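Trainee: I am new to this structure and should like to look closely at a single part of it. Would you please take me through the charged side-chain pairs, and then through whatever lies around them?

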Amino acid sequence: MKFQYKHTVYACFIGYVVQAIINNFAPLLFLTFQSQYGITLDKIALLTGLNFGIQLLVDLLSAKFADKIGYRPCIVGAHVFSAAGLILLTILPDLFPNAYAGLCAAVVVYALGGGLLEVLVSPIMEACPGDEKAKAMSLLHSFYCWGHVGVVLLSSLFFAVFGIRNWKTMAVIWAIVPILNALFFAKVPIGSLLEEGENGLSIRELASMGSFWIFMLLMACAGACEQAVSQWASAYAESGLHVSKTVGDLAGPLLFAVTMGSARLFYGKFGEKIDLRKFMWASGLLCLCSYLIIGLSSLPVLGFLGCALCGLSVGILWPGTFSLGTRGIPKGGTAMFALFALAGDVGCSSGPTFVGTMANRFGEQLNLGILAGIIFPVMLLVGLVLERRMDLK
């Protein structure tokens, strides 16, 4: 079989499903880790920070080594690390004298894969031939959302049928996805972002450009706007709207993921008829409104509506900024994508932290913490204004 660039696109789609697996499977098992290995919840919570911390480090380092090593070995290696980490999750806690150390080691391994995926999948997709790059990028990023939904629903179904005690089997089943996609990426054609003989801009050259820092601001705000609500959606539903955990999990994070994926799918389908900047501006305003609804409403229906609107509004922000950045800095190369991913991850970690800190100051009122997070969509709108003015110069 002769592989074509359409197969590369399919491999990229699956790559973001793999990213969703490694980011969202382990959190489903946090209480299981607590009971099975006798680990306190505060230590378990640090596993998420470790995951994203390693991914941040990989984002930074890959800006220097990805081009030198080449896209294919790096993307195949990303899938190998992802699969290995999921499998080691089932082995190392029992193998190590300290189960928590075993969990941490497994998280580090799959976080290496996650960081590489985040840096490489978008530029590989961008390098595929085609005219509607922004549409393709939005459709690509929707697969992270569908992957998130699939991980929660399929894992929950497996646990309901076979019992949570068989979670290790589910981890190995999920590891099959990156293993198969590694073989896929080993065969598909992979293009280059730059013309033959051209070199991408260095980090120093990028840092000297005012537009680059505007895009970095947009990426950070996109990550913060998304995760400040996404990470707290379940807890907000339980504590603020007083619904059960099951309802909170389904109507909070999953509702958010579905609407976010729908927004990306919509732009991926009809993007040629829509001005990207205007769509992002409208999304920023909708995001601001959703934060107001969540922060000021005490009615469950309005609270869930706010979560849904927030997911819908943030869908285009991350892939849209990638597309604007590629247009504005066409020779940015892999270093630019890596640094954009770094900025996005900074937003993903700082947004939920800010909301949690502010909620604590307001007497554990999570809705007020999210209301304080309205600063993120406001900064995003400011960044879009600056980006537009920079483009007009």
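Mentor: Let us begin with Glu387 and Arg277, which form a salt bridge whose closest N and O atoms are 2.9 Å apart. This pair joins distant parts of the chain, for Glu387 belongs to helix 18 (residues 375-392) and Arg277 to helix 13 (residues 276-296), 110 residues apart. Glu387 has a relative accessibility of 5% and therefore counts as buried, since the cut-off for that word is under 20% relative accessible area. Please keep in mind throughout that this is a predicted model.

Helix 13, which carries Arg277, also contains Gly295. Gly295 is buried as well, with a relative accessible area of 3%. Two residues that are remote from Gly295 in sequence may be located in relation to it. Gly373 is 78 residues away from Gly295 along the sequence, yet their C-alpha atoms are 9.2 Å apart in space. Gln365 is separated from Gly295 by 70 residues in sequence and by 9.5 Å in space, again from C-alpha to C-alpha. Gln365 sits in the loop between helix 16 (333-361) and helix 17 (366-372). With 39% relative accessibility, Gln365 counts as partly exposed, whereas Gly295 is buried.

How many salt bridges are there in total? The count comes to three. Another of them brings together the side chains of Glu226 and Arg264, at 3.7 Å from N to O. Here too the partners come from distant parts of the chain: Glu226 lies in helix 10 (residues 210-230) and Arg264 in helix 12 (residues 245-270), with their positions 38 residues apart in the numbering. Are these two side chains buried or exposed? Glu226, at 7% relative accessibility, counts as buried, and Arg264, at 3%, counts as buried too.

There remains the salt bridge between the side chains of Asp94 and Lys168, with an N to O distance of 2.4 Å. Asp94 is in helix 5 and Lys168 is in helix 8 (residues 167-185), so that this pair also links distant parts of the chain, 74 residues apart. Asp94 is partly exposed, with a relative accessible area of 49%. Lys168 likewise counts as partly exposed, at 24% relative accessibility.

From helix 5 one may pass on to Phe96, which lies in the loop between helix 5 (92-95) and helix 6 (99-126). Phe96 is partly exposed, its relative accessible area being 32%. Phe96 takes part in a nonpolar surface patch of about 480 Å², together with Ile87, Ile91, Leu95, Val172 and Ile179. The value of 32% for Phe96 can be set against the requirement that patch residues have over 30% relative accessible area.

One further element deserves attention, namely helix 4, which spans residues 71-88. Its partner is helix 1 (residues 5-24): the two axes come within 11 Å and cross at roughly 30°. Why are the two helices called roughly parallel? Angles under 35 degrees count as roughly parallel, and helix 1 and helix 4 are therefore roughly parallel to each other. The crossing in which helix 1 passes helix 4 is left-handed.

Definitions and conventions:
Residues are numbered from 1 along each chain as its sequence is written. This is a predicted model: local features need pLDDT of at least 70, side-chain atom pairs count only at pLDDT 80 or more; totals for chains, interfaces and linings use all residues. Side-chain values use heavy atoms; hydrogens and water are left out. Patches are made of residues with over 30% relative accessible area and no salt bridge: like charges are joined within 9 Å, nonpolar side chains (Val, Leu, Ile, Met, Phe, Trp, Tyr) within 5 Å. Accessible areas come from the Shrake-Rupley method with a 1.4 Å probe; for residues, only the protein chains shown count as cover. A salt bridge is a side-chain nitrogen of Lys or Arg within 4 Å of a carboxyl oxygen of Asp or Glu. Helices (H or I, at least four residues) and strands (E, at least two) are DSSP runs, numbered from the N terminus. Buried means under 20% relative accessible area, exposed over 50%, partly exposed in between (1.4 Å probe, protein chains only). Axes are lines fitted to C-alpha atoms, for helices over the stretch in contact, and angles run from 0 to 180 degrees between N-to-C directions. Angles under 35 degrees count as roughly parallel, over 145 as roughly antiparallel, 65 to 115 as roughly perpendicular and the rest as oblique. A crossing is left-handed if the near helix is turned anticlockwise from the far one by less than a right angle, and right-handed if clockwise.
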